[in-house]
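Me: I would like to go through the labels attached to this structure and see what each one rests on. Please set the values against the cut-offs.

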Amino acid sequence: MPEQRRGRLNPFLRKPLHVILEEDCQRQPTNSGDFDGARAPSVGDDDADGEGGIELPQRQRADGEHEEELSLEYREDHDRTSPLEQQHSSQTQQRHRQHAHLPLPPRHLTLFDLVSIGVGGTIGSGIFVLNGLIAHQYAGPATFISWIISGVAALLSGCCYAELSGRIPSAGSSYAYAFVALGELPAFVTAGMLTLEFLLSGSAVARSWGDKVVEWMRVELNVSEKALRFLEPGYGINPAACLVSIVTTALVLAGVKESKRVTDLVTWVKVLLVSGMTIGGYILFDPSNFKPFVPPEYGASGVLRGAISSFFGYLGFDAVCCVAGEAINAERNLPLSIMITLAIVTTLYVLAAIALVGMQSYEDISPESPFPEAFKANGVEWAAQLTAFGEIVTLPVVVLISVVIQPRLQYALASDGLLPQMFGEIDATGNPRKGALFAGVLMTLFATFIPFSDLDDFVSAGILVAFTVTNCSLVIMRRQSPESNPNLLPKLLALFNLFSFLTCITASHGLHLPIGWVFAVFLGLVSIILARKMAIQCPPTSSFGNSTDKAIQLFGDRQYFSTPLIPYLPCLGMTANFFLISQLSFFGIGLLLIYALVAVLLYFLYGAHHSVGRNAGWEQQYSSIDEKEPHHDHPTAEETGDRDHSSVHDGVMT
């Protein structure tokens with residue numbers, strides 16, 4: 001992707017792909033054993049080689065020869081400025097060189113660690129609460145069909161995340177993908193949406209955990225109301241949520257290896273708990289509870305409504321993409337971890353749904369505490385207490401993962417100059433302590449004082465927008481406009497998003513009117529035609545994102561996951577996301593629009609003025625690959641016969 005002119009405000013300035021790949025080459029991979037005891041320098045640490053330690057790689061400042069590559073146009077602009085403006089420009093570039101020297105955390109997360117983050121961040125209230133809610137109110141014994149439908153919908157976006165995470169191995173998830181494919185401003189707004197997923201969603205889980213603790217103490221332990229007054233002081237204050245937020249933040253601040261070990265441990269304890277209560281359900285299974293399979297009062301529409309509700313139980317699988325910069329063998333392990341996470345989560349959801357409805361009639365299932373109440377109804381009191389206690393013990397891992405992930409997003413923004421430099425500083429273990437402290441304090445305040453009952457739709461809509469941005473980014477990177485019409489692909493993609501959204505809104509809220517069916521069918525047909533035009537008139541790129549020769553060289557002969565059926569599969573993912581958004585309250589959608597406008601304002605007030613790409617230029621901030629010392633032992637294009645290793649073919653690996 002060509003370098004944009006520096007110094008001029010361009011909110012759609014895109015980050016060159018080879019810059020991210022060069023950062024990837026500079027990172028030092030470590031295995032878990034080496035990393036646990038390693039010492040690495042923090043910002044300002046002059047001694048990079050502590051005894052027995054590892055050195056955190058740093059972004060390289062371009063040398064004098066590289067500075068000569070400044071365009072003639074840019075130099076002429078600089079010469080025409082006044083001495084005062086030149087002094088300000090010099091100070092600005094110096095400030096951005098400081099961003100370029102932010103250390104890069106080493107790669108230490110194994111495939112097992114990534115799957116633990118994905119599974120631990122995804123399985124939360126979905127399996128403990130949503131199963132009962134869907135069975136009791138929407139789908140009855142067909143609840144597991146709802147989970148399968150929503151799992152397929154999640155897989156549509158999951159495939160896009162899988163490919164992009166392997167090819168763009170940088171912290172920031174959808175933010176990083178949008179920066180390369182769409183530009184700086186869309187990426188900044190997308191980062192705001194991800195903040196809803198990690199920071200606010202984590203706060204909501206912490207608050208939910210606080211409510212569950214109080215209820216568990218009241219019901220299971222028979223604690224008196226007087227004793228519970230401390231945990232329920234009123235005025236919307238939740239002390240238990242405050243406690244779990246503080247503890248998880250302290251754990252993250254203690255170090256990377258501590259939080260990683262706890263995440264791994266608690267995640268798989270949770271999986272064992274879910275497996276145990278599912279097996280218990282099959283032991284108590286009564287086939288008569290599956291009649292009727294689809295209750296007539298719910299019908300097929302109830303199963304679909306259950307699928308809409310159950311989809312939100314899949315949110316969180318993309319958390320692994322935010323730690324892409326710390327993943328070992330990222331091009332292989334990140335796509336694998338996403339697919340394994342979705343497979344494990346879907347399997348657990350489906351089997352648990354069958355077990356729940358099998359041991360209790362859907363009419364009697366509790367929407368709030370389904371498994372404990374079902375075990376009680378079957379006279380297995382100890383299983384009920386164990387299940388309730390297990391949920392209390394394992395749910396905080398979702399909060400912990402949120403505190404781990406949010407600072408990585410802030411780190412990515414700070415590295416690009418869009419947040420203050422302090423968010424990009426990491427300590428001797430590769431831990432962004434200042435960013436973690438900031439995120440932990442905000443999460444604690446939100447969880448303690450803000451009831452989230454009216455904000456759930458707002459948060460969910462933001463997450464779905466981030467999913468949609470990822471789908472769009474993959475289409476941009478895999479398809480290209482024809483030479484005769486260089487802007488055709490972005491125009492078609494924008495129109496598809498518009499008509500797809502209008503189709504879903506009409507289908508969700510206008511079908512009770514005769515004219516609503518007409519509009520829904522018309523808008524849907526236009527969406528299909530636009531997707532078809534993208535497939536026919538916008539050919540595949542010759543290489544991923546039409547990479548430069550430098551990026552192709554950096555890709556080497558590595559194998560990457562490749563999403564099939566481009567652009568159809570991402571377009572289906574966008575439509576699924578829009579349909580889910582259309583089910584949310586207009587208050588939540590309106591609040592999201594206001595939030596997005598605030599993000600745009602913050603970008604122009606701070607980000608646009610401190611952006612590394614705009615102020616210093618990517619080429620002046622990062623050194624090109626040192627061809628004399630190849631990284632990671634990947635052969636160059638010349639060594640492999642000048643073939644394009646990033647060429648895209650529909651399949652699993654290319």
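**Helix crossings, ring pairs and burial**

Reply: Helix 6 passes helix 13 in a left-handed crossing. The model is a predicted one.

Me: What makes helix 6 oblique to helix 13?

Reply: The axes of helix 6 (residues 111-122) and helix 13 (residues 256-283) cross at roughly 60° and come within 9 Å. Angles under 35 degrees count as roughly parallel, and the roughly perpendicular range is 65 to 115. The crossing angle of roughly 60° belongs to neither class, so helix 6 is oblique to helix 13.

Me: Which residues make that contact?

Reply: On helix 6 they are Phe112, Asp113, Val115, Ser116, Ile117, Val119 and Gly120. Helix 13 contributes Lys260, Thr263, Asp264, Thr267, Trp268, Lys270 and Val271. Sorted by class, the contact of helix 6 with helix 13 has six nonpolar, four polar and four charged residues.

Me: Why are helix 10 and helix 20 called oblique to each other?

Reply: Helix 10 (residues 184-219) packs with helix 20 at an angle of about 135°, their axes being 8 Å apart. Roughly perpendicular covers 65 to 115 degrees, and roughly antiparallel needs over 145. An angle of about 135° meets neither condition, and helix 10 and helix 20 are therefore oblique. Their crossing is left-handed.

Me: Which residues of helix 10 and helix 20 are in contact, and how do they divide by class?

Reply: From helix 10 come Thr190, Met193, Leu194, Leu196, Glu197, Leu200 and Ser201. From helix 20 come Phe458, Val459, Gly462, Ile463, Val465, Ala466 and Val469. The contact of helix 10 with helix 20 has 10 nonpolar, three polar and one charged residues.

Me: How many aromatic pairs does the count come to?

Reply: The count comes to 21 aromatic pairs.

Me: Why is the pair of Tyr282 and Phe285 called stacked?

Reply: The ring centres of Tyr282 and Phe285 are 6.2 Å apart, and the planes are at 15°. Pairing requires centres within 6.5 Å, and stacked requires planes under 30 degrees apart. Both conditions are met, so Tyr282 and Phe285 form a stacked pair. Ring pairs also link Phe144, Tyr282, Phe285, Phe290 and Phe293 into a cluster.

Me: Are Tyr282 and Phe285 buried, exposed or partly exposed, and why?

Reply: Buried means under 20% and exposed over 50%. Tyr282 has a relative accessible area of 34%, so Tyr282 is partly exposed. Phe285, at 30% relative accessibility, therefore counts as partly exposed too.

Me: What makes the pair of Phe458 and Tyr595 edge-to-face?

Reply: Their planes are at 80° and their ring centres 5.5 Å apart. Edge-to-face means planes over 60 degrees apart, so the label applies to Phe458 and Tyr595. The pair links distant parts of the chain, with Phe458 in helix 20 (residues 456-478) and Tyr595 in helix 25 (residues 586-610), 137 residues apart. Phe458 is at 7% relative accessibility and so counts as buried, whereas Tyr595, at 23%, is partly exposed.

Me: How do you know that Ala383 is buried?

Reply: Its relative accessible area is 8%, and the cut-off for buried is under 20%. Ala383 is therefore buried. Ala383 is found in helix 17 (residues 381-394). The C-alpha atoms of Ala383 and Met277 are separated by 7.7 Å, while the two residues are 106 residues apart along the chain.

Me: What share of the protein chain counts as buried?

Reply: Of its 654 residues, 59% count as buried. The protein chain has 27 helices and zero strands.

Conventions:
Residues numbered from 1 in each chain as written. Predicted model: local features only at pLDDT ≥ 70, side-chain atom pairs only at ≥ 80, totals over all residues. Heavy atoms only, no water. Axes fitted to C-alpha atoms, helices over the stretch in contact; angles between N-to-C directions. Helix = DSSP H or I, 4+ residues; strand = E, 2+ residues; numbered from the N terminus. Left-handed = near helix turned anticlockwise from the far one by under 90°. Contact = heavy atoms within 4.5 Å. Nonpolar A, V, L, I, M, F, W, Y, C, P; charged D, E, K, R; others polar. Phe/Tyr/Trp six-rings, centres within 6.5 Å; stacked < 30°, edge-to-face > 60°. Buried < 20%, exposed > 50% of the residue type's maximum accessible area, 1.4 Å probe, protein only.
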